[in-house]
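Grab a pencil and open the viewer. Here are a few exercises, each with a solution worked through step by step.

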Amino acid sequence: MTKEPHELALLAESGRLLASVFERIDQTSLAGASTLQINDMVERFIVDDLKARPASKGQYDFGFVLNSSVNEVVCHGVPSAADVLHEGDIVNFDITLEKNGYIADSSKMYLVGKVHPVARRLVQTTYDAMWMGIRAVRPGARLGDIGWAIERHAKRHGYSVVHDYCGHGIGREMHEEPQIMHFGKPGTGLLLRPGMVFTIEPMINRGRRGVRTEADGWTVVTKDGSLSAQFEHTVAVTESGVSVLTLRPDEPAASAL
Ligand code: MG
């Protein structure tokens with residue numbers, strides 16, 4: 001379950017490349033674009049510019065390089081030409097990238113044009129909750145500490161954490177042990193050791209935490225139709241704390257928080 005130093009270096013390289021994919025999306029005007037157009041742009045960037053492999057494509061027979069989850073979609077939204085982004089939407093792009101055999105996984109929310117403060121607040125709180133979880137990562141901490149930090153922050157703002165989906169170990173495979181719950185009790189669960197690599201990816205709903213899967217078998221939406229947000233990073237437990245392998249240049253290093 002723990003990675004060797006040379007594996008951590010390769011994972012960090014995959015993470016750095018994946019961070020640059022989000023910088024590429026940052027430069028794209030989203031209003032009026034379809035989620036399929038964003039998918040295709042990201043695929044070209046990963047394959048042609050980064051010389052890497054979009055790891056989601058083909059995994060579980062999924063035909064795309066990203067999941068696009070708009071507004072009440074919690075996760076696993078499927079890119080489509082019919083799914084055009086409009087001013088006021090919030091959208092998560094969840095992307096995986098493999099380079100030299102090692103996979104990184106990250107997702108980010110985007111605000112399309114001018115977004116209602118209610119939605120902006122949900123997005124900001126979800127981002128902060130992810131960082132609460134990341135900051136709980138250090139050798140000697142336990143998985144329950146991560147989940148507890150995340151759910152406490154969400155509840156404090158009147159939101160709910162989705163319990164049906166979790167983070168995961170990652171490396172040569174996209175989904176490895178352990179599972180990372182975004183709720184839990186402090187001091188419980190697996191002990192964290194240096195060299196462990198996993199994702200932290202809370203999904204937070206403005207309403208209740210219940211979700212359902214739509215008829216396409218992929219798209220997961222909130223049962224009550226409320227807005228949902230998610231952020232995700234791939235992190236490694238270090239000797240002294242945590243390293244965020246998919247950190248983007250616009251983000252603070254965890255140690256600086
Ligand atoms: Mg993931």
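**Exercise 1: the metal site.** How are the donor residues of the magnesium ion spaced in sequence?

Before we start: this is a predicted model, where local features need pLDDT of at least 70 and side-chain atom pairs count only at pLDDT 80 or more, while totals for chains, interfaces and linings use all residues. Residues are numbered from 1 along each chain as its sequence is written, and side-chain values use heavy atoms, with hydrogens and water left out.

Step 1. Find the donors, meaning N, O and S atoms within 2.8 Å of the metal (3.2 Å for Na, K and Ca); water is not among the atoms, so sites may look incomplete. Around the magnesium ion you'll find D105 (OD), H168 (NE2), E201 (OE) and E232 (OE), at 2.2 to 2.3 Å.

Step 2. Write the spacing down: D-x62-H-x32-E-x30-E.

Step 3. See what gets linked. D105 sits in strand β4 (residues 102–111) and E232 in the loop between β12 (228–230) and β13 (233–237), so this pair, 127 residues apart, links distant parts of the chain. Helices (H or I, at least four residues) and strands (E, at least two) are DSSP runs, numbered from the N terminus.

Step 4. Check burial: buried means under 20% relative accessible area, exposed over 50%, partly exposed in between (1.4 Å probe, protein chains only). D105 has 3% and E232 has 0%, so D105 is buried and E232 is buried.

**Exercise 2: a helix check.** What should helix α4 (residues 143–156) span, and how far apart are its end C-alpha atoms?

Step 1. The expected span is 1.5 Å times one less than the number of residues. For the 14 residues of α4 that gives 20 Å, and the end C-alpha atoms are 20 Å apart, which agrees.

Step 2. Now look around α4: 10 of its 14 residues are buried, so the helix is largely enclosed by the rest of the structure. Among them are L143, I146, I150 and A154.

Step 3. Ask what they pack against: α3 (117–135), β5 (160–161), β7 (176–180), β8 (197–200) and β9 (203–205). Contact here means heavy atoms within 4.5 Å.

Step 4. Just after α4, spot G158, with a positive phi of about 80°.

**Exercise 3: two helices.** At what angle do α3 and α4 pack?

Step 1. Axes are lines fitted to C-alpha atoms, for helices over the stretch in contact, and angles run from 0 to 180 degrees between N-to-C directions. For α3 and α4 the angle is about 155°, with the axes 7 Å apart.

Step 2. Name the arrangement. Angles under 35 degrees count as roughly parallel, over 145 as roughly antiparallel, 65 to 115 as roughly perpendicular and the rest as oblique. α3 and α4 are therefore roughly antiparallel to each other.

Step 3. List who meets whom: T125, D128, A129, M132 and G133 in α3 meet I146, A149, I150 and H153 in α4.

**Exercise 4: backbone oddities.** Which residues does a cis peptide bond join?

Step 1. The bond is between E177 and P178, with omega about 0°. P178 lies in strand β7.

Step 2. Try positive phi in a residue other than glycine: Y60 is near 55°, and H76 is near 65°.

Step 3. Compare their surroundings. Y60, in the loop between α2 and β1 (66–70), counts as exposed at 53% relative accessibility. H76, in the loop between β2 (73–75) and β3 (90–99), is partly exposed at 27%.
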